[in-house]
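Q: I'd like a close look at a single part here, nothing broader. Here's what I have open.

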Amino acid sequence: MQLAKIQILTRNLKVTFLTLVVLFTTFSVALAEHSTKNSAEKESFNAGEVIMHHVMDNHEIHIGPLHVPLPIMLYSKEKGLDIFMSSHLSHGEAYNGYIMVHEKIYHVGTDGKLSHDKDGHVNAARPLDLSITKSVFGMLLTMIIMLVVFISINTSYRKNAMQAPKGIQSFFEPLILFVMDEIAKPSIGKKYQKFLPYLLTIFFFIWIGNMLGLIPFIGGFNVTGNIAVALVLALFTFIITSVNGNKDYWKHIYNTPGVPWWLKFPIPLMFVIEFIGFISKPVVLTLRLFANITAGHIIILSFVSLIFIFNNLYGAGGGYGVSILSVAFSIFMFAIELLVAFLQAYVFTLLSALYFGSAVEEHDHAH
Amino acid sequence: MNPLLPELGLVLWMSVAFLVVLFLLKKFAWKGIIKALNDREEFIERSLKSAEEAKAKMSELKSDNEKLLAEARKEREQILKEAKVMKEQILSEAKITATQEGDRLISSARKEIDKEKNQALTDIKKQVSELSIAVAEKVIRKELSDNSAHEALVSSHFDQQSN
């Protein structure tokens, strides 16, 4: 009975998988042909540029052929706050005294043009860009999903208290318990309750953000793979660690107990080492999350780009030929990225919890 | 385009939005969820404990019951044994009384029979003697109808007496 069910399920999965492969292949090649027609004007397909464009932040969202404009908010002392849609700037023309080059917005000079220095580099002042960019939008979307999901879960917990979880509640409960029992409790110890809300929030923000970046055709969000987002998360962990650090924690940094005195005097070697460790923690957290997620996006996009490159080099036949391999590899990478999405959320949360644990740990002995 | 350089705008947005979301989730989601999970864990633990206790109590009751049952069984056996003994006793007593009664009856019957027999015998004797007297009378009367015979008899009688 159970076995028969599993067999049917596997067959269904196989059929779905094959359909997806066929669909992706035709779609990719159709796109490739489309791009070849366009590239007749542009001469060649630049994979690097396309990928970086995809991975980086953007002032509009590309949903298939649609370019959805996003609101731009600029602030400068001279001009104050300016809000308008990004469609005004997307064609490279100056608007309202601003101009956008490579997704960066500059003030135009008095002549109405962007000023360059003698080497040809842009030499213009930039307003503070508070626009709702693709990444800001993705981040807000992630947060809205979190608010909706977890507040509704809280309601269902209140409604059927002391009962087995139901629906979406039963999907998230193991994850919440995972963060509680596998990350917070063993890493922090007795005082884990205090840090639990933060740990749960970053875990689900990173995980949902990562998953959002893996959904195709909705604009290719790269929220957690953006260094600014990763940096802010790491800084929050850093600040919470430092604020909660007890006497022992700080003493370990400025006067490490249990090491020979000549490591501290006359050259404070121990302090330098501990201080580097202290500073490198948030840096490493930032870079790990940013690099892992961005690299995943780059790899998948590279596999897809191979089709376009072969299409350009050898015509449609080349595109079709390589698309089979390319799609297979990108599906493989996609599966790995699903794993990485969870893994990076886990690692970031675990390391944060370990830092909190070291900050509040009670030492009753010197070591 | 340098992906390693964080954009200040995004940093500000992220910081503000994250703080707001952290606050909202902490107040309206995590607090309740964590409490519900802890409460449920406690509830389950308590339920398991009480179930364990109930189980222990039940096994205790069961052993009590078994003890009672064993006692009852023992008592029944005892009663049965006693009844058996009593039955045998009654039987044997009955047998004895029956034998005695029988003996008594037999002996009394025998006595009665003896008495009856004796009576009958005496009756018979009496009748026989009466009959014999009558016969003798008749005979004598016939004999003594002539004198010679009468004399003969008397003389014989005297002879006999003189012998």
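How far apart are the end C-alpha atoms of helix H8 of chain A, and what would a straight helix reach?

A: Quick housekeeping: this is a predicted model, where local features need pLDDT of at least 70, side-chain atom pairs count only at pLDDT 80 or more, and totals for chains, interfaces and linings use all residues. Residues are numbered from 1 along each chain as its sequence is written, with chains lettered from A and ligands numbered from 1 in the order in which they are written.

Now, H8 of chain A runs over residues 269-360, and its end C-alpha atoms are only 25 Å apart. A straight helix of 92 residues would reach 136 Å at 1.5 Å a residue; that expected span is 1.5 Å times one less than the number of residues. Helices here are DSSP runs of H or I, at least four residues, and strands are E runs of at least two, both numbered from the N terminus.

What goes with that short span is a kink of about 145 degrees in H8(A), centred on A:Tyr314. The bend is the angle between axes fitted to the seven residues ending there and the seven starting there.

H8 of chain A also gives two or more residues to the largest nonpolar core, as does helix H1 (8-143) of chain B. Such a core is a set of buried Ala, Val, Leu, Ile, Met, Phe, Trp, Tyr and Cys residues joined through C-beta atoms within 7 Å, buried meaning 20 or more other C-beta atoms within 10 Å of a residue's own, with C-beta atoms placed from the backbone. This core has 67 residues, and A:Phe195 is among those touching the most other members. The biggest contributor is H5(A), with 14 residues.

Definitions and conventions: Buried ≥ 20, exposed ≤ 12 C-beta atoms within 10 Å, placed from the backbone.
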